[in-house]
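Hello,

I am handing over the structure we talked about, and my notes on it follow below. Please have a look at it first, then read on.

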Amino acid sequence: MLIKKRVYFEENSEWVGRCNYISIVFIPPSEVISVPSIINNLQNAWRNPQQQLWIAFFILSLLSLTLYSPSFYGDFIWDGKETFLNDPSIRDSGYFTSYFTEGVSSHLEKQGAVYENLGYYRPLIRVLHFFEYKVFGDNSKGYHAVSIALNLLVVLSAFLVVREITQDSLLALISSIFFSVHPSHVEAVSWAYSDSYLIFSLFSLLSIYWFAKNKITWSLISFSVALLSQESAVLLPIVLVLERYLVAEKKTFKDYKFLIPYFILLILFFVARSLAVGGLPITGFGIMPWLNAISTILFTSVKIFFVPDAAITLYYNKPGMFAEISVGQGLIYSGVAGLVLFATWLWKSHRAWLFWYVWFFVWLLVMFNVGEFAQFYFMDKILYLGSLGFCILLAKGLLSYCTRKNIIVAVTVSYVALYFSVSMWREYYFLDEKRYFEKAVMFTPDFPLLRYSTGMMYLEREEYNKAEKEFTVTIKLDPKHSYAYNNLGNILYMRSDFSGAINFWQRAIFSDPTNPQPYYNVGAAYERQADYQQALSYYKQYLTRESNPPADLLNRIRRIQNNWR
């Protein structure tokens, strides 16, 4: 095989006109650039420890940035819209101190929907959002750029952690490659609202990295940042204990006493959190439903690590779904028993591998508090950091049982091609809000909050027939959904069906007498029909329930009172 190495042009002035001769210099077959030669060159460079870091960073950066570059152009999706566009606390520096003294609370009102206190204590995420809004305003591209950059830092940190703990750069590289393209990460990276998972994961990995290098001060600082970014960081000390026991094989108490500061930080965090948002919510399930829920979470997490359930997944915690043991639940218990047996085999044969196996499940523990108050029993983004454990096991198995370099390369490339494609497919649905909701409804059609939010999306796009359908389905699923009744009334009002609108608003009031919006809407409808007595009655009831009424409402009430008299 011969390829062109150099091409140049020569002028021949003897010709009438001008003619170009092309001289082509060929190189011998031994110098042809081919895939094997590229691999050999990389292997030669990889033997130099000083170049390993830069080679790894280049490969991981190329994969991560290429995969998630489309997300830069994505919309704000669902909670992201409320967080970045409608939260007044990130627009005003006067709220800054409240980030540390209050929970994540949106108290937002949008088309009659009030978003309650979420019960999260994540002050540093709110600080990040404050500065992001200062820089990017309402432009979604900036927020997505931050998420893409944070994900890249997580992938690079994962390489450093694995290399430091295992002392195996090739294992670290292959496992980080697997980690960088895994489909379970798409929800965390492409949904700007999920940035807390990225920051918590980044600083958890940095804390583990500094811990492994015996830089305890830096590790504690990183742990503090992780704690103030997301509650899942409370699990990090468990990971450190497991690393000391399973990998470093430390057995005596003195080998663990330097972990005491981590537990002191945990206590301080729980105190600060309880002062800001109250005590920890504890699952309201009984023992059997709780065990059913845990087994389902474990089985689901392993299953979707290998094969995602859909492009968009919402695992709705439907009331009563874990109450009894069904045939399906029995199969799930069988699967969990298989996971335990595999852990037992690792304990006996490959105890250091067991650490990475347990790593996958440790980060799921926050979901074990699922209860009647939880809307979801599982989320893809929960696997974001935990998936690193299984990626390492896959890479370790590949390197241990495949001795031929070409097979290792072929398997790695195949893995990347497959999961890169699946991730791109999932990412596509996060780029557009309408696309996202329509796909989510296909996976979870019986989730009232999802159907209501889909209706709100259609309402904003002025697709009133589709919005009406979604709100109607919402009421069928949740007959006491006051805001769905209210918005059905709004749609009928825009069609000039005043009696039909008032009927739905009255049903909204009956479903939830504390919802202020239907009182205002009924008052406005009666005012339009010149029924001032009824209008005043409903406006006054609205004012007793709404702390931030429209600025002109009091003037309108005075005008109505004067006209009525």
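Let's begin with one residue: Thr-412 is buried, with a relative accessible area of 11%. Buried means under 20% relative accessible area, exposed means over 50%, and partly exposed lies in between (1.4 Å probe, protein chains only). Thr-412 sits in helix 17, which covers residues 405-428. Helices (H or I, at least four residues) and strands (E, at least two) are DSSP runs, numbered from the N terminus. Apart from neighbours within four places in sequence, Thr-412 is in contact (heavy atoms within 4.5 Å) with Ile-174, Ile-177, Phe-178 and Leu-398.

Before you go further, please note that this is a predicted model, in which local features need pLDDT of at least 70 and side-chain atom pairs count only at pLDDT 80 or more, while totals for chains, interfaces and linings use all residues. Residues are numbered from 1 along each chain as its sequence is written, and side-chain values use heavy atoms, with hydrogens and water left out.

Now the whole protein. It has 25 helices and 6 strands, and 49% of its 565 residues are buried.

What about the nonpolar cores? A nonpolar core is a set of buried Ala, Val, Leu, Ile, Met, Phe, Trp, Tyr and Cys residues joined through side-chain atoms within 4.5 Å. The largest one has 152 residues, and Tyr-357, Trp-359, Phe-361 and Phe-471 have the most contacts inside it. Helix 6 (residues 140-166) gives the most to this core, with 12 residues. A second, separate core has 6 residues, including Phe-76 and Tyr-133.

Phe-471 also leads us to helix 19 (residues 448-460). Leaving aside neighbours within four places in sequence, the contacts of Phe-471 include Tyr-452, Gly-455, Met-456 and Leu-459, and these four residues are buried in helix 19. In that helix 11 of the 13 residues are buried, so it is largely enclosed by the rest of the structure. Just after helix 19, Glu-462 takes a positive phi of about 65°.

Finally, find helix 13 (residues 287-306) and helix 16 (residues 383-401), which pack at an angle of about 65° with their axes 11 Å apart. Here axes are lines fitted to C-alpha atoms, for helices over the stretch in contact, and angles run from 0 to 180 degrees between N-to-C directions. Among the residues making the contact are Phe-305 and Phe-306 of helix 13, and Phe-390 and Leu-394 of helix 16.

Enjoy exploring!

Terms used: The expected span of a helix is 1.5 Å times one less than its number of residues.
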